[in-house]
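Work through these exercises with the structure open beside you. Try each task before you read its solution.

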Amino acid sequence: MQITRLVVLGAGDLGSRVARLWLARSPQQAVVGLTKTPARHEALRALGVQPATARARELLALHDALLVAVPGTETKAEVLTELAALPPPRRAVFVSTTGYYGTPRGMVNEETPAGATRRAREIADLEAQFRRWAGAAGVVMRLGGLYRPGRGPMAALARRGDASKKAPNRPLPLIHYDDAASAVYAALRRAEVEPLYLAVTPPCPTRLTFYSAACARLALPLPEFAPPLPHPPARFDVRRLRRDLLPAPAYPHWQAALVQAE
């Protein structure tokens, strides 16, 4: 698979990590980071990334690899509408979310149907739109909640002093930014890939387990929970991810997400 350049749509926390991996392992190939504003351009240049506020249609070429890592369903929809008018590049990776499953139960994997919530249906529609455009060149990465020091549920709890009111036995699927970046990089580079990967790091804690530990560390009262779900917490099957993209995560334990924001 001949690729000459990486184009990152949404060169934020995750996209810049993927760009850094790309440049470290393929220093002869350029990385272009497309952002809505120039706010991150200085930081991107420091990484060796060529920043731009141009549109994808002005830059994307057939021999490129493309990473779509923009936040929010509306922004994703705008990007996919623009991409629909272009031929797909050699490889295109679309960052989606485990919100696709809504409130899952039982064993969850790549074949588990979308949830019944409005958000789950919106995510499913975006994934389908990407697949129609990218075809065999496309890979959907369905990521769990991303975390690192200063970002993620621990940081949000420290900042707000409380957590959203949801069932205590609802699972909290998590993955560290660095592990997510490693998996995405592999999806961009690997010659043979599946069209979809579930990317979390099991075993995933329940909200009660996570927030009990987090509140104890932050000396905060335990948040209120919604009524428990009438079924055991869902479990996540990541055998496909381990086989192809992330054999050994650098952060295999969810307790790593308990680092307080600095």
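The exercises below deal with a predicted model.

**Exercise 1. Two helices side by side**

Task: Find the angle between α4 and α5, and classify their packing.

Solution.
- Step 1. Locate the helices. Helix α4 covers residues 73-83, and helix α5 covers residues 118-134.
- Step 2. Read the geometry. The axes are 10 Å apart, and the angle is about 20°.
- Step 3. Classify. Angles under 35 degrees count as roughly parallel, so α4 is roughly parallel to α5.
- Step 4. Add the handedness. The crossing of α4 past α5 is left-handed.
- Step 5. List the partners. From α4 come Thr73, Lys76, Ala77, Leu80, Thr81 and Leu83. They meet Glu122, Leu126, Gln129, Phe130 and Trp133 of α5.
- Step 6. Sort the residues of this contact by class. Six are nonpolar, three are polar and two are charged.

**Exercise 2. A second helix pair**

Task: Describe how α6 and α8 cross, and say which residues make the contact.

Solution.
- Step 1. Locate the helices. Helix α6 spans residues 153-160, and helix α8 spans residues 207-218.
- Step 2. Read the geometry. Their axes come within 11 Å and cross at roughly 50°.
- Step 3. Classify. The range for roughly perpendicular is 65 to 115 degrees, and the limit for roughly parallel is under 35. The angle fits neither, so α6 is oblique to α8.
- Step 4. Add the handedness. This crossing is right-handed.
- Step 5. List the partners. Pro153, Met154, Leu157 and Ala158 belong to α6. On the α8 side are Phe210, Tyr211, Ala214, Cys215, Arg217 and Leu218.
- Step 6. Sort by class. The contact of α6 with α8 has nine nonpolar residues, no polar ones and one charged.

**Exercise 3. Around α6**

Task: Which residues of α6 are buried, and what do they pack against?

Solution.
- Step 1. Pick out the buried residues. They are Pro153, Met154, Ala155, Ala156 and Leu157.
- Step 2. Find their surroundings. The buried residues of α6 pack against β8 (145-147), β9 (174-176) and α8.
- Step 3. Look just past the helix. Gly161 follows α6, and its phi is positive, near 80°.

**Exercise 4. Two loop residues**

Task: Are Asp237 and Thr112 buried or exposed, and what does each one touch?

Solution.
- Step 1. Place Asp237. It sits in the loop between β11 (235-236) and α9 (239-244).
- Step 2. Judge its burial. Buried means under 20% relative accessible area. Asp237 has 13%, so it counts as buried.
- Step 3. Check its side chain. The side chains of Asp237 and Arg239 make a polar contact of 2.7 Å.
- Step 4. Look beyond four places in sequence. There Asp237 touches Met107, Val108, Asn109, Glu110 and Leu198.
- Step 5. Place Thr112. It lies in the loop between β6 and α5.
- Step 6. Judge its burial. Its relative accessibility is 16%, so Thr112 also counts as buried.
- Step 7. Check its side chain. The side chain of Thr112 reaches the backbone nitrogen of Asn109 at 2.9 Å.
- Step 8. Look beyond four places in sequence. There Thr112 touches Tyr100, Tyr101 and Met107.

**Exercise 5. Three residues to rate**

Task: Rate the accessibility of Thr103, Lys165 and Ala248.

Solution.
- Step 1. Set the cut-offs. Exposed means over 50%, and partly exposed lies between that and the buried limit of 20%.
- Step 2. Rate Thr103. This residue is in the loop between β5 (91-97) and β6 (107-108). Its relative accessible area is 34%, so Thr103 is partly exposed.
- Step 3. Find its polar partner. The side chain of Thr103 makes a polar contact with the side chain of Arg170 (3.4 Å). Beyond four places in sequence, Thr103 touches Arg170 and Leu229.
- Step 4. Rate Lys165. This residue lies in the loop between α6 and β9. Its relative accessible area is 53%, so Lys165 is exposed.
- Step 5. Find its polar partner. The side chains of Lys165 and Glu224 are joined by a polar contact of 3.5 Å. Beyond four places in sequence, Lys165 is in contact with Glu224, Phe225 and Ala226.
- Step 6. Rate Ala248. It is in the segment after α9. At 62% relative accessibility, Ala248 counts as exposed.
- Step 7. Compare sequence with space. Ala248 and Asp179 are 69 residues apart along the chain, and their C-alpha atoms are separated by 9.0 Å.

Terms used:
Residues are numbered from 1 along each chain as its sequence is written. This is a predicted model: local features need pLDDT of at least 70, side-chain atom pairs count only at pLDDT 80 or more; totals for chains, interfaces and linings use all residues. Side-chain values use heavy atoms; hydrogens and water are left out. Helices (H or I, at least four residues) and strands (E, at least two) are DSSP runs, numbered from the N terminus. Buried means under 20% relative accessible area, exposed over 50%, partly exposed in between (1.4 Å probe, protein chains only). A polar contact is a pair of N or O atoms within 3.5 Å; within protein, one must be able to donate a hydrogen and the other to accept it, and residues adjacent in sequence count only if both atoms are side-chain atoms. Contact means heavy atoms within 4.5 Å. Axes are lines fitted to C-alpha atoms, for helices over the stretch in contact, and angles run from 0 to 180 degrees between N-to-C directions. Angles under 35 degrees count as roughly parallel, over 145 as roughly antiparallel, 65 to 115 as roughly perpendicular and the rest as oblique. A crossing is left-handed if the near helix is turned anticlockwise from the far one by less than a right angle, and right-handed if clockwise. Ala, Val, Leu, Ile, Met, Phe, Trp, Tyr, Cys and Pro count as nonpolar, Asp, Glu, Lys and Arg as charged, and the others, Gly among them, as polar.
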